[in-house]
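I opened my notebook to look up pockets and one helix. Here are my entries.

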Amino acid sequence: SDVLRLAGVSKTYGKDGPAPVEVLHGLELNVARGEVVALVAPSGAGKSTLLHIAGLLDTPDSGLVELNGRDMHGLPDRARTEARRRELGFVYQFHHLLPEFSAAENIILPQLANGVGAGMAAKRAAELLDRVGMAHRADHRPAQLSGGEQQRVAFCRALANEPSLLLADEPTGNLDPETSDRVFEVLMGLVRETGLSALIATHNHALAERMDRVIRLGEDIS
Ligand code: ADP
Ligand code: ADP
């Protein structure tokens, strides 16, 4: 079964202006359960638009968006927010951790917001940090961590609520090549271990080739 299904998805910016811009052009994209899909797109091809639509932050002008078999069209804002919180995990180029909280707290807080008890949340945070080799950094704040360590904590946070789909935008794009490689391995290990599905945008072709399938935007599509 597909975790994510986009069918015939298009978005037009500036519809009512003099120079409308259509992106995605009826895109078809499925992500199966447990599948890790790379998204490779030159700048301007619509990568951000696609991630926003898949992340339920934006809606297409036409086409179907299904998350875990459920049609997202016309869903009220509250239900979309709920689906985002429960079913999706997000990772960006920059870690976006809360600076005044420790690594563990950054992983605990989204669980509390989802109704998980404090004890369970702390246990899960500790387990996740351990899996990414960060147990010894649990009480450190983001500023006390290296770039690679910050991203590893961000991965843990994205997985805190056991989402079914991880959406990542250049998750190692901010790191030097060697660190990027190592941290990417950590992310893939975590994804594989949990059976998570992922859509990972990257400019790094070597990393893209290590995923199950590569989707290219802005080529062969017009
Ligand atoms: P990418 O992330 O691949 O660079 P985007 O999805 O951000 O691409 O944008 C795709 C195209 O849509 C670009 O040509 C961009 O200029 C245009 N676009 C994006 N957002 C807007 C907007 N809010 N208003 C008008 N045009 C936009
Ligand atoms: P990495 O190999 O992950 O890039 P670094 O070589 O940058 O790690 O950092 C080595 C160690 O120094 C890390 O364990 C990190 O916790 C610590 N460290 C890095 N930057 C800082 C900082 N600004 N303040 C305190 N400790 C730091």
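By class, how many residues of each kind does the lining of the second largest pocket have? I counted 3 nonpolar, 3 polar and 4 charged. (Nonpolar is Ala, Val, Leu, Ile, Met, Phe, Trp, Tyr, Cys and Pro; charged is Asp, Glu, Lys and Arg; the others, Gly among them, are polar.)

I noted that this is a predicted model, where local features need pLDDT of at least 70 and side-chain atom pairs count only at pLDDT 80 or more, while totals for chains, interfaces and linings use all residues. Residues are numbered from 1 along each chain as its sequence is written, chains are lettered from A and ligands numbered from 1 in the order written, and side-chain values use heavy atoms, without hydrogens and water.

Second largest pocket. (A pocket is an open set of points on a 1 Å grid over the protein atoms alone, where a 1.4 Å probe fits, with protein on both sides within 12 Å along at least five of seven lines; lining residues have an atom within 4 Å of a point.) I read its space as about 160 Å³. Helix H4 (residues 118-131) gives the most to this lining, with 4 residues. (Helices are DSSP runs of H or I, at least four residues; strands are runs of E, at least two; both are numbered from the N terminus.)

Largest pocket. I found about 360 Å³ of space here. Of its 13 lining residues, Arg84, Arg85, Leu88, Phe90 and Pro110 lie nearest the centre.

Helix H5. I checked burial (under 20% relative accessible area, 1.4 Å probe, protein chains only). In H5, 12 of 13 residues are buried.

Technical notes. Points joined across faces, edges and corners; volume = space filled by probe spheres on them. Buried < 20%, exposed > 50% of the residue type's maximum accessible area, 1.4 Å probe, protein only.
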